[in-house]
Amino acid sequence: MERLWGLLHRTQRLSPRPSQTIYKRVEGTQQWRLEEEEEDGEEGAEPPIQFCPMELRGPDLGSRAGKQNLGFWAATGRRAAPYLVLTALLIFTGAFLLGYVAFRGSCQACGDDVLVVSEDINYEPGPDSHQGTLYWSDLQAMFLKFLGEGRLEDIIRQTSLRKRVAGSASMAALAQDIRVALLSQKLDHVWMDTHYVGLRLPPPLLRAHPNTLHWVEASGKLGEPLPLEDHDVYCPYSATGNATGELVYAHYGRPEDLQDLRARGVEPAGRLLLVRLGEISFAQKVASAQDFGARGVLIYPDSADFSQDPHKLGLSSHRAVYGHVHLGTGDPYTPGFPSFNQTQFPPVQSSGLPNIPAQPISAYVASLLLRKLQGPVAPQEWQGRLPVSPYRLGPGPGLHLGVNNHRVSTPISNIFGCIEGRSEPDHYVVIGAQRDAWGPGAAKSAVGTAILLELVRTFSSMVSNGFQPRRSLLFISWDGGDFGSVGSTEWLEGYLSVLHLKAVVYVSLDNAVLGDDKFQAKTSPLLISLIENILKQVDSPNRSGQTLYEQVMSNNHSWDAEVIRPLPMDSSAYSFTAFAGVPAVEFSFMEDGQVYPFLHTKDDTYENLHRVLRGRLPAVAQAVAQLAGQLLIRLSHDHLLPLDFGRYGDVVLKHIGSLNEFSRDLKARGLTLQWVYSARGDYIRAAEKLRKEIYSSEESDERLMRMYNVRIMRVEFYFLSQYVSPADSPFRHIFLGHGDHTLGALLDHVRLLRSGGSGDPRAASLQVPPGLSFQESRFRRQLALLTWTLQGAANALSGDVWNIDNNF
């Protein structure tokens, strides 16, 4: 107030008027009266400053009318003063809040209702641009405009017409064409990475020893051959050699199916198993069969697992389905090491390679086998829709399976294109798509390749028009995907020491369009909140006037229960998360309740995919491109990475809820799960502390934002167990991986307290070897591995060592 009074006083001295109106106390009263006083003009004179309650009065005019007017104005002033003060306070408060919100911008950690992109970001326009500042609405409109100018459908059709078997000459030609396409865009870097990998290929058609299947006569001699109608359809990485035994029907070949089979008096050991396609991967079926002592596996597609609508396309009964049987990813002959040329590798093979042969067969051949089976009738839920009634469990006549696949050292090439970020160029947002395919591969890889190329073109155009991502965008076309994500895994193995520090997120475009009825996202928990936000901004391709979020909510009020799924091992995204510790996501549109029937067959053509989607293929592919593109904008643009690092606290809590029911059993043995509870509590507190730090910080502080981003982007890596070897246990993630160090393995082991060991039917589905019962020493080791990994994640999220506050 003193500064304000001084300013007013100086203004009065500069005024040309000879007099001024001031408040002057009138002796003998408690009121203040306005009087006219002449300034004496002295510069040093300062009026006395006193603050006390005052009454506003008009001038004394020396008449009755003046006195009446004076009383009127005094009364009015007294009534209006409180309202004037309140109005001023409201205006000030509103202006302050508006200014604060505009200044704060977006903060993902502050909650769900956040600004998508900070509105105060000023982009420096590119050299070819005449635009000024770009806001989120500008970026979104720009992205949709340039994406809409593409030709997605034409690229899908043209790609599906080209032969794309990994390692082939035609595949090498396609790789060069894609490299040229990337070079034609405005990218900062384009390059290729070649790996020399071991692939298992089928016998050449003219070879003397193709894969075969024969009946075995009672005398033990080979009888009539059964037709393998697609001679070049096979199971890569199947064991080679011969297997002979009686045939048994084992449903989907899951561990619980085999245990049920055994419980019904039909022993799978020493026999060949006939199993249906679906539910689990080819590799998991063969691994389960091997664990139960089977000698070989035949895998067929049952029409019961596909759409029964006569108006929809179905798979021919004479088609077999392709699928690799390596329980893992990458080159199985160099596990844990990158397959670069001239690299010396130890003589070791992946433990995920099976020791028994496996072969796909058609539904027609499977029906010939099922007719020969005897024994108990299969349960009702095991019955299929082949022209055999009823299905029986067996055993049946003897069969002889001969597999003669051969190993070939083959070069495969990954192709890369990069747009460098302007603020954090050493942090990469990665998006990739499989390029190879065993057959036409329209749905398997042509759609993903087309979307990838269109996103490259779109973002290149955006850069030319002023878009400058904060982080680098890395676009990758993978080779060797049909053999178990070989290209992507070998790249991860080659650059693991760098990528876990620099890769922010991986977005997979594989299997993106398998239908149009429902949408699924196989993802890391860190991306769930961001996916929800993006779904609200993308229009549904088959429900006019609805967003994708509204479409999934119409089916299930719990949107994440409808949409979110864990990453499967047969996805290229799986290795990024479970092996490298990089959060990843794979999107898929699919048919409601039924699988796309032509995947991994010779019938996966552009025409069949177009017919299955009833002409909506362009719209659905465009929706995937919009979803992936807006995800890339958020991840590459936002000041603060929009990853929900607190979500893993809910994941741990969910698993702990399952463990709680065994507390009394453990306590009776003098054991406790308290260590896990404490570690989980420390993680929750660390996440909440970081969230509060971010909320109270200034987004304009680049150094602080980068520090927070580094901690956030490495959360997934924190959940890789540092106490097991990547060579022995490549999938070290304690929630998603495989091995004794995982939370799932601990839960399965604890369940043995009540299941009574491997003799119990429930034990078949657990991650424990057959014949194993609960072991205290193993439990203590599992608990230590899990607890200290979780505790390490809490410590890392806390930041500097002096900020760690554990109650451990």
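**Close-up views of the predicted model**

**View 1. Strand E12 and its partner E13.** Strand E12, spanning residues 424–434, is mostly covered, with 9 of its 11 residues buried. The structure shown here and in the following views is a predicted model. E12 runs parallel to strand E13 (residues 471–478), and 8 bridges join the two. Within this pairing, Val-430 has Leu-474 of E13 as its bridge partner. Strands of a sheet pair through backbone hydrogen bonds, in either a parallel or an antiparallel manner.

**View 2. The enclosed helix H15.** Helix H15 comprises residues 572–579, and 8 of its 8 residues are buried, so the helix is largely enclosed by the rest of the structure. The buried residues are Ser-572, Ala-573, Tyr-574, Ser-575, Phe-576, Thr-577, Ala-578 and Phe-579. Their surroundings combine helices and strands: the buried residues of H15 pack against helices H10 (486–494), H11 (496–502) and H22 (715–718), and against strands E13, E14 (503–508) and E18 (584–590). Strand E13 thus appears both as a packing partner of H15 and as the parallel neighbour of E12.

**View 3. The open sheet of 7 strands.** The strands of this open sheet follow the order E5-E4-E10-E6-E7-E8-E9, and their pairing is mixed. Strands E5 (222–225) and E9 (358–360) stand at the edges; each has a single partner strand, so one side of each is left without a neighbour in the sheet. On average, neighbouring strands of the sheet are turned by 35° against each other, direction ignored. At the E9 edge, strand E8 (residues 296–300) and E9 run parallel and are joined by 3 bridges. Val-297 is paired there with Ala-358 of E9 as its bridge partner.

**View 4. Helix H8 on the sheet.** Helix H8 (residues 363–371) packs on the sheet of the preceding view, with its direction at about 120° to that of E8. The strands touched by H8 are E4 (212–216), E6 (241–249), E7 (272–276), E8 and E10 (398–403).

**View 5. The crossing of helices H4 and H9.** Helix H4 (residues 152–160) and helix H9 (residues 442–464) have axes that come within 8 Å and cross at roughly 135°. That angle makes H4 oblique to H9. The crossing of the two helices is right-handed. On the H4 side, Leu-152, Ile-155, Ile-156, Thr-159 and Ser-160 take part; they meet Ala-442, Ala-446, Val-447, Ala-450, Ile-451, Leu-453 and Glu-454 in H9. By class, this contact has 9 nonpolar, 2 polar and 1 charged residues. An α-helix has 3.6 residues a turn, so residues three or four places apart point the same way.

**View 6. The packing of helices H20 and H24.** The axes of helix H20 (residues 674–695) and helix H24 (residues 776–798) lie 8 Å apart, and the helices pack at an angle of about 15°. H20 and H24 are therefore roughly parallel to each other, and their crossing is left-handed. H20 contributes Trp-675, Val-676, Ala-679, Arg-680, Asp-682, Tyr-683, Ala-686, Ala-687 and Leu-690 to the contact, while H24 contributes Leu-783, Leu-786, Thr-787, Leu-790, Gln-791, Ala-793, Ala-794, Leu-797 and Ser-798. The residues of this contact divide into 13 nonpolar, 3 polar and 2 charged.

**View 7. The protein as a whole.** The protein has 24 helices and 18 strands. Of its 808 residues, 53% count as buried. Among contacts with a separation of 6 or more, 76% are accounted for by residues 24 or more positions apart.

Definitions and conventions
Residues numbered from 1 in each chain as written. Predicted model: local features only at pLDDT ≥ 70, side-chain atom pairs only at ≥ 80, totals over all residues. Heavy atoms only, no water. Axes fitted to C-alpha atoms, helices over the stretch in contact; angles between N-to-C directions. Helix = DSSP H or I, 4+ residues; strand = E, 2+ residues; numbered from the N terminus. Parallel < 35°, antiparallel > 145°, perpendicular 65-115°, else oblique. Left-handed = near helix turned anticlockwise from the far one by under 90°. Contact = heavy atoms within 4.5 Å. Nonpolar A, V, L, I, M, F, W, Y, C, P; charged D, E, K, R; others polar. Buried < 20%, exposed > 50% of the residue type's maximum accessible area, 1.4 Å probe, protein only. Pairing = 2+ DSSP bridges.
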